[in-house]
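Work through these exercises with the model open. Each task is followed by a stepwise solution.

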Amino acid sequence: MFLVIIAATVIISLIALGSILVIFRKENQPAGFRSLISLAAGSLLAVSFLDLLPEAIEESEGIFEPHLISALVLVSILIFFIFERILHWHHCPDPIHPEHNHRHHQRGLVYLNLIGDAIHNFIDGFLVAGAFLLDFQVGLSVTAAVILHEIPQEISDFGVLLYAGLSRTKAIIYNLTVALTAILGATVFYFLGESFEIIIPLMAAVAAGNFIYLATADLIPELHHETNRGKIVTHSAWLLFGVAMIYIVGILFPHS
């Protein structure tokens with residue numbers, strides 16, 4: 001069963017990566033890049049409020065108070081804010097070469113995105129392993145649901161990495177490396193499931209805080225730079241589409 005669980009998590013990662021390669025076929029950033037940022041911001045917010053937070057509250061029933069989950073989200077947002085500030089302090093602002101400051105900001109985006117994606121994938125590994133240990137048919141169903149959740153999520157994360165200045169090749173390598181945390185999560189749950197299952201709601205809350213901060217502090221402000229009315233409408237539509245996409249997938253293919 002362990003090999004089946006590992007195979008399932010590998011398939012999830014490969015299918016998500018395949019969807020990225022289909023959409024981002026060119027080496028350069030795609031046209032309408034701010035539309036992609038809008039899509040990423042909308043989907044990150046939707047994953048946080050419609051997927052991770054409800055799951056954290058439901059799974060913590062009888063163990064953790066909902067107030068604790070909400071407080072952990074708030075604390076996570078503050079921690080990621082401080083983390084990004086520390087990165088900027090470590091690389092002191094350069095008034096002579098302002099492009100250096102922009103590169104340091106981009107580096108912070110990469111770190112924040114990878115942290116949140118790693119936690120999310122780790123939780124997905126828990127879900128898949130737990131489902132297969134419960135029943136093989138349930139495991140297949142949950143694997144299919146996770147795949148459909150992961151495709152829009154990974155597309156969004158990949159778009160953030162491109163926005164942060166990574167080349168297409170580097171973004172693919174980073175994305176694939178972080179995807180391995182799903183295998184780690186599945187392995188940990190298989191051998192130590194009872195010991196780690198209790199912290200799943202807390203991990204989901206931290207991941208939600210990360211995605212909320214990333215969307216509201218780094219992505220949405222980028223959209224405010226646009227002054228063309230037509231493009232503002234387009235970007236707003238893409239943001240709403242990102243929310244709708246995650247919502248529809250969640251309704252049709254719930255994790256549970």
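**Exercise 1.** Place Leu192 in its helix, then classify its exposure.

*Solution.* Start with the element: Leu192 lies in helix α6. The structure is a predicted model. Next, take the relative accessible area of Leu192, which is 43%. Buried needs under 20% and exposed needs over 50%. Leu192 is therefore partly exposed.

**Exercise 2.** Find the nonpolar surface patch that includes Leu192, and state which helix gives the most to the patch.

*Solution.* List the members: Met1, Val4, Leu133, Phe136, Leu140, Tyr190, Phe191 and Leu192. Together they make a patch of about 720 Å². Now assign helices. α5 (136-163) and α6 (168-196) each supply at least two residues. α6 gives the most, with three residues.

**Exercise 3.** Go inside: which residues of the largest nonpolar core touch the most other members?

*Solution.* The core has 62 residues; Leu44, Leu52 and Leu219 touch the most other members. Elements giving two or more residues to this core are α1 (2-23), α2 (33-59), α3 (66-90), α4 (98-134), α5, α6, α7 (200-223) and α8. The largest share is from α7, with 13 residues.

**Exercise 4.** Describe α8: its span, its N-terminal cap and its buried residues.

*Solution.* Take the span first. α8 covers residues 229-252, 24 in number, and reaches 34 Å from first C-alpha to last, close to the expected 34 Å. Then check the start. Asn228 caps the N-terminal end, with a side-chain oxygen 2.9 Å from the backbone nitrogen of Gly230. Finally, the buried residues: His235, Leu239, Gly242, Met245, Ile246 and Val249. An α-helix has 3.6 residues a turn, so residues three or four places apart point the same way.

How values were computed:
Residues are numbered from 1 along each chain as its sequence is written. This is a predicted model: local features need pLDDT of at least 70, side-chain atom pairs count only at pLDDT 80 or more; totals for chains, interfaces and linings use all residues. Side-chain values use heavy atoms; hydrogens and water are left out. Helices (H or I, at least four residues) and strands (E, at least two) are DSSP runs, numbered from the N terminus. The expected span of a helix is 1.5 Å times one less than its number of residues. Buried means under 20% relative accessible area, exposed over 50%, partly exposed in between (1.4 Å probe, protein chains only). A polar contact is a pair of N or O atoms within 3.5 Å; within protein, one must be able to donate a hydrogen and the other to accept it, and residues adjacent in sequence count only if both atoms are side-chain atoms. Patches are made of residues with over 30% relative accessible area and no salt bridge: like charges are joined within 9 Å, nonpolar side chains (Val, Leu, Ile, Met, Phe, Trp, Tyr) within 5 Å. Accessible areas come from the Shrake-Rupley method with a 1.4 Å probe; for residues, only the protein chains shown count as cover. A salt bridge is a side-chain nitrogen of Lys or Arg within 4 Å of a carboxyl oxygen of Asp or Glu. A nonpolar core is a set of buried Ala, Val, Leu, Ile, Met, Phe, Trp, Tyr and Cys residues joined through side-chain atoms within 4.5 Å.
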